[in-house]
Amino acid sequence: AAWSEAWVEGAGRPSIRTELVRNAKGGIERLAFVQSDTMEGRELLWTQQMNILIGSASEVRSIPLELTNKRLELEIATSILHSEFVLPTGGGLAYGGFTLDDHSRRFFLEDLQELADPVTRGAVWITLWEELLEGRVQPSEFLNLALRVIGWEETEQNVELVLGYVKTAFWRFLPDRERQALSARLEQALRRALNHSDSSSMKSTYFTAFRSVVLTSEGIAFLERVWRRDEEVPGLTLAENDEAGIALELAVRSVPDASRILEEQLARFKNPDRRARFEFIMPALSESQETRDWFFESLFKRENRTREPWVLEGVRYLNHP
């Protein structure tokens with residue numbers, strides 16, 4: 001009943017903080033995990049299995065434990081003479097909002113590439129993203145780390161995870177001045193990864209990320225040449241949906257002849273459902289403020305909101321930075 005109340009019936013999630021005290025030689029003097037309820041005035045406990053990873057780039061030790069109380073001291077950790085990090089989310093097992101200790105956070109932000117295990121790297125990325133959302137990692141720190149691993153990371157699931165985070169951090173969390181300053185480096189990293197990748201699916205992942213974040217005039221010109229079929233990316237096949245996505249990204253950036261690009265893309269469609277969706281979204285990308293206002297006001301009518309994914313996409317472009 002207690003488990004069901006915490007995990008099924010109750011809202012919220014646990015907050016789990018790493019308490020780490022090191023000795024003068026850099027070893028672990030005390031290591032504990034402290035659980036608290038994020039809902040004010042409530043004291044739920046989330047019993048769960050965890051897999052703690054403690055180590056360095058050269059050696060990682062895995063310690064399973066069961067978290068049942070508010071505080072759990074890991075006495076065995078004191079026998080580990082040297083460690084660069086403590087990762088409470090090893091293997092992706094634990095669930096909650098995790099607060100890393102300062103030393104581990106710094107190691108991950110500076111030396112993530114030294115971790116050999118791709119599952120561990122994936123768990124670190126998820127944990128760092130949560131820390132960004134909680135304000136303990138700066139968006140610029142997170143994106144600088146991502147820039148170092150773009151093209152280096154070979155595990156496709158991790159690449160997709162990181163690039164998804166990059167797109168969100170780039171548009172939602174960076175001030176405009178920082179975004180403009182970072183854009184050229186980010187585009188160059190994605191273009192290099194796109195050109196050097198041997199996998200067609202990875203090429204598609206890199207290209208989709210590139211078209212989502214492109215800001216420089218050179219990058220936009222390249223994107224337009226690809227859409228016009230004047231330039232090909234070796235090994236990359238663009239489907240109807242891909243070209244439609246490029247057209248929308250060009251239009252939201254107000255390239256010259258944006259309206260003509262949208263009209264030409266509409267004429268390219270062979271799939272009637274994709275054509276209908278594109279035609280619905282087009283007014284949200286109009287160069288005319290009146291047309292964009294008309295599109296938004298049309299959504300007050302229930303019958304215009306029956307295709308919710310279409311509506312969400314149109315509103316997303318209306319609110320695009």
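**Notes on the predicted model: helices, sheet and cores**

1. Let's start with a small backbone detail: right after H4, Gly151 has a positive phi of about 90°. Keep in mind that this is a predicted model. As for H4 itself, the helix covers residues 139-149, and its buried residues are Pro139, Phe142, Leu143, Leu145, Ala146, Leu147 and Val149. These buried residues pack against four helices: H2 (102-111), H3 (118-133), H5 (156-173) and H6 (176-196).

2. Next, have a look at H9, residues 240-252. This helix has 13 residues and spans 19 Å from first C-alpha to last, close to the expected 18 Å. Eleven of its 13 residues are buried, so H9 is largely enclosed by the rest of the structure. Which residues of H9 are buried? They are Glu240, Asp242, Glu243, Ala244, Gly245, Ile246, Ala247, Leu248, Glu249, Leu250 and Ala251. Note that acidic residues, including Glu240, Asp242 and Glu243, are on that list.

3. What do the buried residues of H9 pack against? Their partners are helix H7 (200-213), helix H8 (217-227), helix H10 (258-268), helix H11 (272-281) and helix H13 (308-318).

4. The loops on either side of H9 are worth a glance for their phi angles. In the loop between H8 and H9, Arg229 has a positive phi of about 70° although it is not a glycine. With a relative accessibility of 54%, Arg229 counts as exposed. After H9 comes Ser254, with a positive phi near 55°. Asp257, in the loop between H9 and H10, is another non-glycine residue with a positive phi, here about 65°. Asp257 is partly exposed, at 43% relative accessible area.

5. Now for the sheet. Four strands form an open sheet in the order S5-S2-S1-S7, and the pairing is mixed. S5 (71-73) and S7 (97-99) are the edge strands; each has a single partner, so one side of each lacks a neighbour in the sheet. From one strand to the next, the twist averages 15°.

6. How do S2 and S5 pair? S2 (residues 28-37) runs antiparallel to S5, and the two are joined over three bridges. One residue pair to look for is Val34 with Arg71, its bridge partner in S5.

7. On to the nonpolar interior. The largest nonpolar core holds 69 residues, and those with the most contacts inside it are Phe108, Trp125, Leu128, Leu190, Tyr206 and Phe278. H5 supplies the largest share of this core, with eight residues. There is also a second, separate core of 17 residues, with Leu20, Leu31, Ile52 and Leu74 among them. As a general backdrop, nonpolar side chains in soluble globular proteins tend to be buried together.

8. Phe108 makes a good place to zoom in on the largest core. Which residues does Phe108 touch, leaving aside neighbours within four places in sequence? Its contacts are Phe85, Val86, Leu87, Leu100, Leu115, Val124, Leu128 and Leu145. Leu145 takes us back to H4, where this residue is one of the buried ones.

9. Finally, a serine in a loop. Ser197 sits between H6 and H7. Is Ser197 buried or exposed? At 13% relative accessibility, Ser197 counts as buried. A polar atom of the Ser197 side chain lies 3.4 Å from the backbone nitrogen of Ser199. Beyond residues up to four places away in sequence, Ser197 touches Met202, Lys203 and Tyr206. Tyr206 also featured above, among the residues with the most contacts inside the largest core.

Methods. Residues are numbered from 1 along each chain as its sequence is written. This is a predicted model: local features need pLDDT of at least 70, side-chain atom pairs count only at pLDDT 80 or more; totals for chains, interfaces and linings use all residues. Side-chain values use heavy atoms; hydrogens and water are left out. Buried means under 20% relative accessible area, exposed over 50%, partly exposed in between (1.4 Å probe, protein chains only). Contact means heavy atoms within 4.5 Å. The expected span of a helix is 1.5 Å times one less than its number of residues. Two strands pair if DSSP finds at least two bridges between them. Axes are lines fitted to C-alpha atoms, for helices over the stretch in contact, and angles run from 0 to 180 degrees between N-to-C directions. A polar contact is a pair of N or O atoms within 3.5 Å; within protein, one must be able to donate a hydrogen and the other to accept it, and residues adjacent in sequence count only if both atoms are side-chain atoms. A nonpolar core is a set of buried Ala, Val, Leu, Ile, Met, Phe, Trp, Tyr and Cys residues joined through side-chain atoms within 4.5 Å.
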